[in-house]
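Trainee: I would like to learn how to read a model of this kind, one feature at a time. Could we begin with a single residue and then work towards the ligands?

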Amino acid sequence: MNTVNIPQEAPVLRQVLEAYDLPATVLGAVRYGQGHINDTFCVVCQPQEGDAVRFILQGMSLAAFPHPEELMENFVGITSYLRSQIIARGGDPLRETLSLVKTRDGKDYYTDETGKVWRMMPFIEGTDCFQSATPELFEASARSFGHFQSMLKDYPAETLHETIVNFHNTEDRLRKFQAALAAAPKDLTDTCRAEVDFVLARQADCSVAMEALRQGKLPLRVTHNDTKLNNILIDRVTGQGICVIDLDTTMPGLSIYDFGDSIRFGANHSAEDEKDLTKVYFDIGLYEVYTRGFLEGCQGALTPAELEYLPWGARLMTLECGIRFLTDYLEGDHYFHTRYPGQNLDRCRTQFKLVRDMEAQFQAMHDVVSKYAG
Ligand code: ADP
Ligand code: GN1
Ligand code: MG
């Protein structure tokens, strides 16, 4: 293969690319995107004639996903199901959902010598992926995530593997945090005393959604579970959400998780790892536009109890994510990609600042839902 420009830190890419019968000369591969979990590369190929063609090549994190073959089974099931719905309503399945490029031996993914699983997808062109929101963009993403959930409402949930067990079980996240705290060296726990106390003061909150689920108040649905703004591709021409990506955690869950995780990431104006906490605040205006878009996208599918718990979804996903960043910090940063020591603690601090703001504005958050729930 005439391959140039493979990142030095990823020599395995040569072997992975050999597994694919790409319709052109491979010019190279570069690291791509700002995901915290998978190893994502953009592969550029030049056909004999015409424009260069791009692909996304992803190595699934074994630390996050212990059974990548199950994850890929979910991926194929979900994208095939979405594809038929998109075709039925006259849409373009190659832009509106993800698809896979088969390996030379006709497989959906390639497993390298270390057991790591790689998948190749056509790059969805003419789209942008954003790290922070404008009101228009945020509302567009809300409609798409709501619509994604409503498209999957009749999906046979029992056929989906739980790719990460207890993913949004905040009680379990709390237990894992407590175990990490007990095992961490004192000089490390001393650096995050305030954050540890913040969690310990909110142990009861960690049970709110799980308790509602146990009591049968909230229904289990097929949810995306990682609804960050950067997990949606926005059409460059229309400004609308065109494709929901990062389907690795799509599995049975609560609607309030999808609502909540979007609010966590997008209803503010700062980076997830912003060090200057004076810049980090929950923007209830953005919360309002997201609520409006999400309810529109869900097309009336949410029950009164789900509507009532939406603000809790935002608080809990933000608290939970902060707890997860803190746990990873205490465990030596083995889960989330980090670029510098202490990045997970910085991320945790932004989350807890947002939680405080949401706690202070909780009634107003309820009022917004009531305004749009009709
Ligand atoms: P992670 O799990 O690490 O977040 P993602 O699946 O979200 O991985 O991919 C990382 C980034 O790669 C996305 O935020 C997006 O910018 C880009 N991306 C992923 N798939 C595609 C695609 N099919 N077309 C264009 N960009 C994509
Ligand atoms: C991870 O994969 P990515 O970057 O979209 C994580 C989410 C967290 C998020 C925090 C599989 O999302 O759960 O909320 O980072 N994904 C997984 O930014 O753990
Ligand atoms: Mg992602």
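**Reading burial, loops and ligand shells**

Mentor: Met210 is buried, with a relative accessible area of 12%, and this residue is found in helix α8, which covers residues 208-214. Please keep in mind throughout that this is a predicted model.

Trainee: Why is Met210 called buried?

Mentor: The general idea is that a residue counts as buried when its relative accessible area is under 20%. Met210 has a value of 12%, and therefore it is classed as buried. A distance is a separate kind of reading: the C-alpha atoms of Met210 and Ile78 are separated by 25 Å, and these two residues are 132 residues apart along the chain.

Trainee: Which residue lies 98 residues from Pro66 in sequence, and what is the C-alpha to C-alpha distance between the two?

Mentor: That residue is Ile164, which is 7.9 Å from Pro66 in space, C-alpha to C-alpha, while the two are 98 residues apart in sequence. Ile164 has its place in the loop between α4 (135-151) and α5 (170-183), and with a relative accessible area of 11% Ile164 is buried.

Trainee: How should I read the backbone angle of Asn166, and is this residue buried or partly exposed?

Mentor: The point to notice is the sign of phi in a residue other than glycine: for Asn166, phi is positive, near 60 degrees. Asn166 lies in the loop between α4 and α5, and its relative accessible area of 28% makes Asn166 partly exposed. Gln299 also calls for attention, since it is not a glycine and yet has a positive phi of about 50 degrees. Gln299 lies in the loop between α10 (284-298) and α11, and it is exposed, with a relative accessible area of 58%.

Trainee: Turning to the ligands, how many residues surround ligand 1, and which are the closest?

Mentor: A shell is read by asking which residues have a heavy atom within 4 Å of the molecule. For ligand 1 there are 20 such residues, and the closest are Asn38, Gln58, Ile124, Asn231 and Asp246. By class, this shell has 11 nonpolar, eight polar and one charged residues. Among the elements, β3 (53-59) and β5 (117-122) each supply at least two residues of the shell around ligand 1.

Trainee: Which N or O atoms of the protein lie at short range from ligand 1 — backbone or side chain?

Mentor: Both kinds appear, and it is worth taking them in turn. A backbone N or O atom of Pro122 lies 3.3 Å from a nitrogen atom of ligand 1, and a backbone N or O atom of Asn230 lies 3.0 Å from an oxygen atom of the ligand. From a side chain, an N or O atom of Asn231 is 3.0 Å from an oxygen atom of ligand 1. Taken alone, ligand 1 exposes 550 Å², of which the protein buries 96%.

Trainee: Where does Asn231 lie, and what else does its side chain reach?

Mentor: Asn231 lies in the loop between β7 (221-223) and β8 (232-235), and with a relative accessible area of 4% this residue is buried. Its side chain reaches the backbone oxygen of Asp226 at 2.8 Å, and also makes a polar contact with the side chain of Asp246 at 3.4 Å. Asp246 and Asn231 are both among the closest residues to ligand 1.

Trainee: How does the same reading go for ligand 2, and which residues are closest to it?

Mentor: Here 19 residues surround the ligand, the closest being His36, Lys228, Glu272, Arg324 and Tyr335. The shell around ligand 2 has eight nonpolar, four polar and seven charged residues. A backbone N or O atom of His36 lies 2.8 Å from an oxygen atom of ligand 2. Side-chain N or O atoms also take part: one in Glu272 is 2.7 Å from an oxygen atom of ligand 2, and one in Tyr335 is 2.5 Å from an oxygen atom of this ligand. Taken alone, ligand 2 exposes 440 Å², and the protein buries 97% of that.

Trainee: Which element gives the most to the shell around ligand 2?

Mentor: That is α11, with three residues.

Methods: Residues numbered from 1 in each chain as written. Chains lettered and ligands numbered in written order. Predicted model: local features only at pLDDT ≥ 70, side-chain atom pairs only at ≥ 80, totals over all residues. Heavy atoms only, no water. Polar contact = N/O pair within 3.5 Å; in protein donor to acceptor, adjacent residues only side chain to side chain. Areas by Shrake-Rupley, 256 points an atom, 1.4 Å probe, with all protein chains shown as cover. Helix = DSSP H or I, 4+ residues; strand = E, 2+ residues; numbered from the N terminus. Nonpolar A, V, L, I, M, F, W, Y, C, P; charged D, E, K, R; others polar. Buried < 20%, exposed > 50% of the residue type's maximum accessible area, 1.4 Å probe, protein only.
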